[in-house]
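Colleague: I would like to learn how to read a model of this kind, taking one feature after another. Could you walk me through it?

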Amino acid sequence: MSSTAPALNASSPFKLALIQLAIGADKAKNLAHAKSKILEAAHNGANVVVLPECFNSPYGTNFFPEYAESIDGGDSVTMLSSAAKEAGIYLVGGSIPERKQDKIYNTLTAYDPTGKMIGVHQKVHLFDIDVPGKIKFKESEILTQGNSLTHLDTKYGKLGVGICYDMRFPEMATVAARKGCVAMIYPGAFNMTTGPLHWELLQRARAVDNQMYVAACSPARDINASYHAWGHSTVVDPTGTVVATCEENETIVYATVDPAQVEVIRTNIPLYNQRRFDIYDDVSESVAFDGQGNGTKK
Ligand SMILES: NC(=O)CCC(=O)C(=O)O
């Protein structure tokens with residue numbers, strides 16, 4: 001049994017910017033600094049700009065309650081909306097600890113060039129790992145997991161989003177690809193143990209399996225912080241090739257995302273016509289989308 005490649009409905013190439021932001025303990029400074037880097041990326045021609053995971057706060061469960069905010073008019077989302085509007089770009093606003101009633105989520109918000117919020121993604125897979133002698137982290141001590149997938153509608157086509165540890169779960173990217181997304185974008189903050197092992201490998205795996213672009217945007221490494229981010233913000237093209245990357249310091253990584261390249265690789269290596277949904281399930285069929293880009297289990 002075969003299936004056809006999903007329509008991308010994507011018009012033109014766009015310039016993607018990943019802001020590998022230096023983040024400190026002062027929230028107001030983090031917001032002002034993020035805004036200045038968003039404007040810098042736009043000034044350099046970016047159409048879609050991405051911030052890292054937890055861009056308003058140091059990364060750590062002890063920090064989340066103090067830095068958490070509402071996404072209904074809080075300082076961080078207010079800055080993000082105004083920056084997107086002033087810069088005239090689509091903005092994938094990294095993530096912040098979101099306070100909602102008595103719960104805290106790790107939440108991404110996204111904006112169109114008028115500053116309108118066009119998507120919200122609460123981290124679906126919480127980062128709970130224990131590598132003895134290396135790293136132990138338990139987001140679930142403090143955070144609540146989200147329960148839906150998010151695809152952003154932009155004039156450049158649909159973009160799937162996830163947050164960091166979400167990258168390890170191939171189903172999310174596969175659903176995004178099968179629902180017509182041209183790229184998967186992950187604000188993330190890997191660390192000095194799993195970063196060298198898996199950060200690039202996972203992005204290349206998601207890209208080559210799904211024949212789509214994959215981008216991951218990290219904070220810059222701060223050796224004085226309790227959590228040392230790996231950095232290495234990266235863009236991978238639909239062949240699985242790294243097309244732009246960096247080291248650990250603050251920088252902006254730019255790459256062109258060209259939907260035509262997705263079509264080319266899907267024509268040359270036509271996985272989509274060769275799928276065997278007669279012997280295994282199409283995971284994307286189990287997700288119902290509401291027309292606003294939010295997908296939940298059928
Ligand atoms: N912030 C995160 O989700 C970190 C994920 C990570 O480091 C990993 O190895 O996965």
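Modeller: We shall take the annotated domain, the ligand surroundings and two helix pairs in turn. Please keep in mind throughout that this is a predicted model.

Colleague: Which residues does UniProt assign to the CN hydrolase domain?

Modeller: An annotation of this sort comes from a record and can then be set beside the coordinates. The unreviewed UniProt entry places the feature "domain: CN hydrolase" at residues 14-259. In the model, the end C-alpha atoms of that span lie 9 Å apart, and the span is 25% helix and 31% strand.

Colleague: Which residues are around the ligand?

Modeller: One begins by listing the neighbours and then sorts them by character. Here the ligand is surrounded by E53, F127, C164, Y165 and R168, together with A189, F190, N191, T194 and H198. Sorted by character, this shell has five nonpolar, three polar and two charged residues.

Colleague: How do the axes of helix α1 and helix α3 cross?

Modeller: For a helix pair, one reads the distance between the axes, then the angle, then the handedness. The axes of α1 (residues 27-43) and α3 (residues 75-87) come within 10 Å and cross at roughly 20 degrees; since angles under 35 degrees count as roughly parallel, the two helices are therefore roughly parallel to each other. Their crossing is right-handed. On the α1 side the contact is made by L31, K35, I38, L39 and A42, and on the α3 side by D75, S76, M79, A83, E86 and A87. These contact residues divide into seven nonpolar, one polar and three charged.

Colleague: At what angle do helix α4 and helix α5 pack?

Modeller: The reading proceeds as before. Helix α4 (residues 170-178) and helix α5 (residues 194-210) pack at about 40 degrees, with their axes 10 Å apart, and α4 passes α5 in a right-handed crossing. P170, A173, T174 and A177 of α4 make the contact with R206, D209 and N210 of α5, a set comprising three nonpolar, two polar and two charged residues.

Methods
Residues numbered from 1 in each chain as written. Predicted model: local features only at pLDDT ≥ 70, side-chain atom pairs only at ≥ 80, totals over all residues. UniProt positions renumbered as here; feature names shortened; annotations may be inferred. Helix = DSSP H or I, 4+ residues; strand = E, 2+ residues; numbered from the N terminus. Near = placed C-beta within 6 Å. Nonpolar A, V, L, I, M, F, W, Y, C, P; charged D, E, K, R; others polar. Axes fitted to C-alpha atoms, helices over the stretch in contact; angles between N-to-C directions. Parallel < 35°, antiparallel > 145°, perpendicular 65-115°, else oblique. Left-handed = near helix turned anticlockwise from the far one by under 90°. Contact = placed C-beta atoms within 7 Å.
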